[in-house]
Amino acid sequence: MFRKMNAFIPYNGFEHTEKTIKNLKKTRLISKIFLLTPPNFEKVIKGCTSLPVDNFFSSNAIKSIAENCKTTYCLFVMKDTLIEIGQFGLDRMLNVADDTDAGLVYSDYYEIKEDVRSAHPVIDYQIGSLRNDFDFGHLILLSKKALRKTFKSGISDYRFAGFYSLRLKISQHFKLARVQEFSYSTVETDIRKSGEKQFDYVDPRNRDVQIEMEEACTEHLKEISGYLRPEFKKINLEEENFEYEASVVIPVKNRAKTITDAIQSVLKQKTNFKFNLFVIDNYSDDGTTDIVKQFAKNDSRLIHIIPKRKDLGIGGCWNEGVHHPKCGRFACQLDSDDLYKDGTTLQKIVDKFKEEKCAMVIGSYQMTNFNLEEIPPGIIDHKEWTWDNGRNNALRINGLGAPRAFYTPLLRKIKIPNVSYGEDYAVGLAISRDYQIGRIYDPIYMCRRWEGNTDSSLPIDKINNHNLYKDRIRTYELLARQKKNKKK
């Protein structure tokens, strides 16, 4: 079916916007083009209508789009960059919108970096796709029907979270449909590696944005019965006897360059209780095994385990330590790349368990390079985690922080997923559903970023697999919370 659409494009005066407009007009599907500009912006493009907005993703901007959308669907360009439409790319997106009655349609695309065109698939939307940085790509179709219904039911006034709130509310009543085809190409301006981007959401400079995103997510959870009030089960930390009060667990595979620092940071801990260290060596072949063996030979606190199984991810290695008879009352995480900040870390973690009678403790960490020199964004304290709303906000963000520590009997019941990404997040969400999580907001952990990190430079298919899995975890958890609320 042939239809015309209104298009809404961010405009900051760049030449590439004019090229994008020409490319859109070639499709013959665009009836009118609106330029979303900063206030008091004087530059115009002939044949386009300017719409001044305070912030491109604000509620006021989204409201302006809704009021000016006179066609069944409108095209929303998400980023001020050059867009090239693929062969009948918009036609295809429009057909999918018609066929599915979707409220929002998005698509895979090609990205051009330094004159090289490469595929950039996105992922399917699900009810657990609550991250405010979910990748819809650069072009989306919005249904006028969905826009009108959303604004009729009411939308809060957000400076930054307007679009985020909109798509959450649309998802309550409409499909969000992905076209698994490459409908357009775009010039990518953010050429940072994946490892450099992944901490953007906890950058202290984005705090005001994050507060609004939390408010929008919490509002959505309340509307879909996924919100949990700050009511927690009590936990008895003395219900079992343990030889050791705490155990540190380090899963490792081929970290000869960093494992020594990690082990030493544990063995130098000063505590008023007995602790040990499990190094779960997942068949290293780069000299890591010999290093660990030497430490174990010289210090009986280190228990070196090479699992019998050969199908273990990081989570599976964690299970090997947690279910060991010598595992302590509290199982404490340390990645083989990282190290505890000083000799007080373990004591602070155990003290927090005792002080708050919580089932899990999460600390704060300092970002460093390989030489342990601080790098941006510096200290990651996850202050977005609050007593009253932390476990709800946890469904929005992509991680809970480090170091992580668990009450061992509870962890043994829950079990850790046998994967190498997101296993800690899955466990943290499951625990937070019923129990309080204690937080330490002072940095007690050094998170070392270097080229050897498994997530330092990931291809898009790996990034997508990771994000799809975490969205799946959130979906499972959201369904469990809705079920919990239904029983009340």
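Pro 377 is placed in strand S16, residues 374-380, of this predicted model. The peptide bond that leads into Pro 377 from Pro 376 is cis, with omega near 5°. A cis peptide bond also joins Ala 402 and Pro 403, with omega about 0°. Pro 403 belongs to a loop, the one between helix H12 (390-393) and strand S17.

Positive phi values occur at several residues. Leu 372 has a positive phi of about 65°, although it is not a glycine. Leu 372 sits in the loop between strand S15 (360-368) and S16. Its relative accessibility is 31%, so Leu 372 counts as partly exposed. Asn 40, also a residue other than glycine, has a positive phi near 60°. The loop that holds Asn 40 runs between S2 and strand S3 (49-52). Asn 40 is exposed, with a relative accessible area of 77%. Arg 28, which follows helix H1, has a positive phi as well, near 60°.

Helix H1 covers residues 15-26. With 12 residues at 1.5 Å a residue, H1 should span 16 Å; its end C-alpha atoms are 18 Å apart, which agrees. Five positions in H1 deserve listing. Thr 17, Thr 20, Ile 21, Asn 23 and Leu 24 are the buried residues of H1. These residues cover an arc of only 160° around the axis, and therefore lie on the same side of H1. The face turned away from that buried side carries Glu 15, Lys 22 and Lys 26, which are exposed. Four strands and a helix pack against the buried residues of H1: strand S1 (5-10), strand S2 (30-37), strand S4 (73-77), strand S5 (83-85) and helix H3 (89-100).Two of those strands, S4 and S5, flank the loop that holds Lys 79. Lys 79 has a relative accessibility of 29% and so counts as partly exposed. Lys 79 and Leu 139 are 60 residues apart in sequence. Their C-alpha atoms are 8.3 Å apart in space.

Helix H10 presents another pattern of burial. Seven of the nine residues of H10 (residues 314-322) are buried, so this helix is largely enclosed by the rest of the structure. The buried residues are Gly 315, Gly 316, Cys 317, Trp 318, Asn 319, Gly 321 and Val 322. Both strands and helices contribute to the cover over them. The strands include S10 (246-252), S11 (275-281), S13 (330-333) and S17 (404-407). Helix H13 (408-414) and helix H14 (423-432) are also part of this cover.

Helix H15 (residues 460-487) contains Glu 477. This glutamate has a relative accessibility of 3% and therefore counts as buried, the cut-off being under 20%. Beyond its neighbours within four places in sequence, Glu 477 is in contact with Leu 395, Leu 429, Ala 430 and Arg 433. Leu 478 is also placed in H15. Leu 478 is buried, with a relative accessible area of 0%. Its contacts, again leaving aside neighbours within four places in sequence, are with Ile 127, Leu 130, Leu 221, Ile 224 and Gly 226. Leu 478 and Asn 392 are 86 residues apart along the chain. The C-alpha atoms of Leu 478 and Asn 392 are separated by 9.7 Å.

A search of the whole structure for cavities of 30 Å³ or more finds one. The volume of the largest cavity is about 30 Å³. Its lining is made up of Phe 232, Trp 385, Thr 386, Trp 387, Gly 390, Arg 391, Ser 432, Tyr 435, Gln 436 and Ile 437. By class, five of the lining residues are nonpolar, four are polar and one is charged.

Technical notes: Residues numbered from 1 in each chain as written. Predicted model: local features only at pLDDT ≥ 70, side-chain atom pairs only at ≥ 80, totals over all residues. Heavy atoms only, no water. 1 Å grid on protein atoms, 1.4 Å probe; cavity = no way out; pocket = protein on both sides within 12 Å on 5 of 7 lines; lining within 4 Å. Points joined across faces, edges and corners; volume = space filled by probe spheres on them. Nonpolar A, V, L, I, M, F, W, Y, C, P; charged D, E, K, R; others polar. Buried < 20%, exposed > 50% of the residue type's maximum accessible area, 1.4 Å probe, protein only. Helix = DSSP H or I, 4+ residues; strand = E, 2+ residues; numbered from the N terminus. Contact = heavy atoms within 4.5 Å. Expected span 1.5 Å × (residues − 1). Arc of directions from axis to C-beta.
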